[in-house]
Amino acid sequence: MPRPSQPLSSEKALQEQLCPTSVVYLNVGGCVYTTNLATLRNGDHFFDALVRHSSPGTSAFFVDRDPAYFRHVLNWLRGSRSLPDDPSVLREHLEEADHFAMIDMRTAVAQRLAFPAPPNE
C-alpha cells in the first residue's frame with residue numbers, strides 16, 4: 001500500500017520552487033546586482049535567512065545599504081577572499097560584515113586591520 005505523501009517543509013518547498021541556479025536580483029541602494037540562489041544560501045548569514053524566509057518564488061529583494069561596498073560583500077559570498085589594504089575601506093567592510101552577519105568576512109577583515117599587509121616594494 002502506498003504511503004501518504006508527507007507535507008513539505010517550507011524550506012523544501014522553496015528549494016523545489018527555486019533551484020540553486022535560479023537567478024536572484026538584489027536592489028542594493030538603487031543598484032541592482034544579479035546572482036544565483038546558491039550564492040545567497042552559502043552560509044549562515046543575512047542573505048540565507050532572507051531567502052529562506054521569503055515567499056516561495058520570490059526572486060527580487062531590496063537591501064537598504066550603500067552599493068559602494070556591496071560588490072565586495074557579494075564577491076565574498078561567491079568565494080573571493082581578497083580584501084583591500086586601505087584601513088578606512090576595511091572599516092567600512094567590517095560594518096557591512098557585521099550588518100549582514102557574515103562572521104567569516106568579519107574575522108578576515110578584523111585580522112587585516114590588526115595585522116596590515118606589508119607595503120609593496
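How many aromatic pairs does a search of the whole structure find? The search finds six aromatic pairs, and they are a good place to come back to once the overall layout is clear. The structure described here is a predicted model.

The chain's secondary structure comes to six helices and three strands. Read from the N terminus on, these elements follow the order α-β-β-α-α-β-α-α-α. Of the chain's 121 residues, 28% count as buried. Among the contacts with a separation of 6 or more, 56% are between residues 24 or more positions apart.

A natural next stop is the nonpolar interior. In soluble globular proteins, nonpolar side chains tend to be buried together. In this model, the largest nonpolar core holds 23 residues, and those that touch the most other members are Leu 26, Phe 47, Phe 70 and Met 102. At least two residues of this core come from each of strand 1 (23–28), helix 2 (37–40), helix 3 (46–52), strand 3 (60–63), helix 4 (67–77), helix 5 (87–99) and helix 6. Helix 4 gives the most, with five residues.

Met 102 offers a closer view of this core. With neighbours within four places in sequence left aside, Met 102 is in contact with His 45, Phe 47, Val 73, Trp 76, Leu 77 and Ala 97. One of these partners, His 45, lies in the loop between helix 2 and helix 3. Is His 45 buried or exposed? His 45 counts as buried, because its relative accessibility is 8%, and the cut-off for buried is under 20%. Not counting residues up to four places away in sequence, His 45 touches Leu 40, Leu 77, Phe 100, Ala 101 and Met 102. The side chain of His 45 also has a polar atom that lies 3.2 Å from the backbone oxygen of Asn 42.

The aromatic residues can now be placed in this picture. Returning to the six aromatic pairs, one of them joins Phe 47 and Phe 100, whose ring centres are 4.7 Å apart and whose planes stand at 35°, so this pair is tilted. Because Phe 47 lies in helix 3 and Phe 100 in the loop between helix 5 and helix 6, the pair ties together parts that are 53 residues apart in sequence. Phe 47 is buried, with a relative accessible area of 0%, and Phe 100 counts as buried at 0% relative accessibility. Both belong to one aromatic cluster made up of Tyr 33, Phe 46, Phe 47, Phe 70 and Phe 100. A charged residue also meets an aromatic ring: Arg 81 lies over the face of Trp 76, at 4.2 Å from the ring centre.

Charged pairs add another layer. Side chains of opposite charge can pair when their charged atoms come close. Across the whole structure, a search finds six salt bridges. In one of them, the side chains of Arg 41 and Asp 48 meet at 2.5 Å, N to O. Asp 48 counts as buried, at 7% relative accessibility. These two residues are also part of a network of salt bridges that links Arg 41, Asp 48 and Arg 52.

Another salt bridge brings together the side chains of Glu 96 and Arg 65, at 2.7 Å, N to O. Since Glu 96 lies in helix 5 and Arg 65 in the loop between strand 3 and helix 4, this pair ties together parts that are 31 residues apart in sequence. Glu 96 is buried, with a relative accessible area of 4%.

A further salt bridge involves Arg 112, a residue of helix 6 (residues 103–114). Its side chain meets that of Asp 85 at 2.9 Å, N to O. This pair links distant parts of the chain, 27 residues apart, with Arg 112 in helix 6 and Asp 85 in the loop between helix 4 and helix 5. How exposed are the two partners? Arg 112 is partly exposed, with a relative accessible area of 22%, whereas Asp 85 is exposed, with a relative accessible area of 53%. Leaving aside neighbours within four places in sequence, Arg 112 is in contact with Leu 83, Pro 84, Asp 85, Leu 90 and Ala 117. Arg 112 and Pro 87 are 25 residues apart in sequence, and their C-alpha atoms are 8.6 Å apart in space.

Definitions and conventions:
Residues numbered from 1 in each chain as written. Predicted model: local features only at pLDDT ≥ 70, side-chain atom pairs only at ≥ 80, totals over all residues. Heavy atoms only, no water. Helix = DSSP H or I, 4+ residues; strand = E, 2+ residues; numbered from the N terminus. Contact = heavy atoms within 4.5 Å. Core = buried A, V, L, I, M, F, W, Y, C linked by side-chain atoms within 4.5 Å. Buried < 20%, exposed > 50% of the residue type's maximum accessible area, 1.4 Å probe, protein only. Polar contact = N/O pair within 3.5 Å; in protein donor to acceptor, adjacent residues only side chain to side chain. Salt bridge = Lys/Arg side-chain N within 4 Å of Asp/Glu carboxyl O. Phe/Tyr/Trp six-rings, centres within 6.5 Å; stacked < 30°, edge-to-face > 60°. Lys NZ or Arg CZ within 6 Å of the ring centre and 35° of its normal.
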